[in-house]
Amino acid sequence: MPPEKSAYALARYSRSPDSIEESIRWVHGHSSEKFWEQFYFDYGHASIADLGHVIICFEEISELAAIRLEDEPLWDGQAKSSRYQNFASSRWFVPGQIRGSETEALYEGILRSLGDVYRLLHEPLKQFLATREPRPESMKQADYDRTIAARAFDVTRYLLPLAAKTNVGQVVSIRTLEKQITRLLSSQLPELRAIGEDLKDACQRPPVNLWGELCGQAAGLSDPLAPTLARHAKANTYQELVYSDLARHAKEALHGTGLDQPGNWGPVESVELIEPHLPLDELVATLLYRVSQAPYRKILEVVKEWTEKEKQATIEVATGQRGPYDELIKEFRSGYAFIFDILMDIGAWRDMHRHRRCQQVQQNFTTVHGYDVPQSLIDAGLDQEYRQAMDAVRQDIESLRKKDQEASLYAIPFGFKVRCLFKMDYAEAEYISKLRSGVKGHWSYRTVAWQMKQQLAKKFPFLGEQIRATPPDVEDALTR
């Protein structure tokens, strides 16, 4: 059934004594559009839109767009894996405003250099890994070759830029879909706004039904996916303006604190478990963290010294444009017992981004925090080529930033670090530490997961001891 009609049938099913078969027959003879207009939009019964689901695939979008697309708490999907597939032949996304300009030449030069080194390192790295980890007799050659290739991609993906094109498939409720369309249409990035328009258009057309054709069906569904919801989805003023408003406020409020200079941050930990603090302080520090590059701990130190009026001013900026039906932005989802401030490479963070039971507040991508160097490259004697490429790219990105800030964002490779706040309960901390520290995982997030356990054990010994995490020095290179 079309998602809006199946949701209508289930909603009626919950409100009548009829069986589901009788409800479906009833819905078939009545207008679902009228139902949605009345109950969803007029009466605000939003939960009924959780009852209809759609499968939507996005092809040839940038990695940056894929990240923002997936940035929904209630989201299920998969993206093309940079750990298991060769991106050497992938094309890059080029922002529309730089096409045909001198800036495009600089942009393309950065991406070409990254692609060249990506291809250059892969084969010698595979040979090194194969020499270090010979094939066990019990392992088939094809399985071994795939595993070694995947381990090499684990390393070379550090050279992939956020402009690399990828595919994403998602299964979401039409309630989440409406929020997703609104969020995309409200984005500052033209690519995301264009995807939002395409998504809205797709919902007003009948879906592709290749499976039905393969099974010999004469025709597929003739009804659009979610026409009523798509018709009402539009850009949201609050979402459009709130983060730029916060950025301007943070620049003024934090002026003179030194937090805009990395040299003033002191020792930088890759994983920090933050001490419990007052809810108002948490809200204010989180809002400022979102539009900063500084560690949460340093921002919190400043906020704690503010007056109540100064703290309230930040909250007022974050709510000033909010309309009567607008949800608060996710930075307000506070009150979790465990707050981890994590600094890690973008590639590994892409995997951690999947943990939707915790609240994530990600700072903007940047080159400020430097980049990681995979140990395998050092062991193979290939790290010099990698470092030279990343250092050169970093300088070029800074030059590009002066010409076009948006283009410089797309040019950042996965190897550079991003800072993200992870707020969670104990069950999620235990789950992430145990799952992501396992030998099948990527070494980068394995280290982060292990440090999460260690930080927790330091402050809450008994709780930390209950987490069965695996130290990162325990390896099984041929396990996937």
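In the next few minutes I will walk through two sheets, one helix pair and one buried helix in this structure, which is a predicted model.

Let me begin with the sheet of 3 strands, which is open and has the order β1-β3-β2, its pairing being antiparallel. At its edges lie β1, residues 53–62, and β2, residues 76–79, each of which pairs on one side only. From one strand to the next, the twist averages 15 degrees. If you look at β1 beside β3, which covers residues 165–173, you will find the two paired in the antiparallel sense over 8 bridges, and within this part of the sheet isoleucine 61 stands opposite threonine 166 of β3.

The other sheet I want to show has 4 strands and is also open, with the order β4-β5-β7-β6 and antiparallel pairing. Here the edge strands, each pairing on one side only, are β4, at residues 271–273, and β6, at residues 359–362. Ignoring direction, neighbouring strands of this sheet are turned by 20 degrees against each other on average. Between β6 and β7, the latter being residues 417–424, there are 4 bridges, and these two strands run antiparallel; glutamine 360 stands opposite phenylalanine 422 in β7. Helix α19, residues 426–436, packs on this sheet, where α19 touches both β5 (338–345) and β7, and its direction makes about 135 degrees with that of β7.

Now to the helix pair. Helix α11, residues 237–253, packs with helix α14, residues 308–319, at an angle of about 150 degrees, and their axes are 8 Å apart. Since angles over 145 degrees count as roughly antiparallel, that is therefore how α11 and α14 lie to each other. On the α11 side the contact is made by Tyr238, Val242, Asp245, Leu246 and His249, which meet Ala313, Thr314, Val317, Ala318 and Thr319 of α14. Sorted by character, the residues of this contact divide into 6 nonpolar, 3 polar and 1 charged.

Finally, which residues of α6 are buried? They are Tyr144, then Thr147, Ile148, Ala149, Ala150, Arg151, Ala152, Phe153, Asp154, Val155 and Thr156. As for what covers these buried residues, the elements include α5 (102–132), α16 (375–380) and α20 (443–459). The length of α6, residues 141–156, can also be checked: because its 16 residues, at 1.5 Å a residue, should span 22 Å, the 22 Å between its end C-alpha atoms agrees with expectation.

How values were computed: Residues are numbered from 1 along each chain as its sequence is written. This is a predicted model: local features need pLDDT of at least 70, side-chain atom pairs count only at pLDDT 80 or more; totals for chains, interfaces and linings use all residues. Side-chain values use heavy atoms; hydrogens and water are left out. Axes are lines fitted to C-alpha atoms, for helices over the stretch in contact, and angles run from 0 to 180 degrees between N-to-C directions. Angles under 35 degrees count as roughly parallel, over 145 as roughly antiparallel, 65 to 115 as roughly perpendicular and the rest as oblique. Contact means heavy atoms within 4.5 Å. Ala, Val, Leu, Ile, Met, Phe, Trp, Tyr, Cys and Pro count as nonpolar, Asp, Glu, Lys and Arg as charged, and the others, Gly among them, as polar. The expected span of a helix is 1.5 Å times one less than its number of residues. Buried means under 20% relative accessible area, exposed over 50%, partly exposed in between (1.4 Å probe, protein chains only). Two strands pair if DSSP finds at least two bridges between them.
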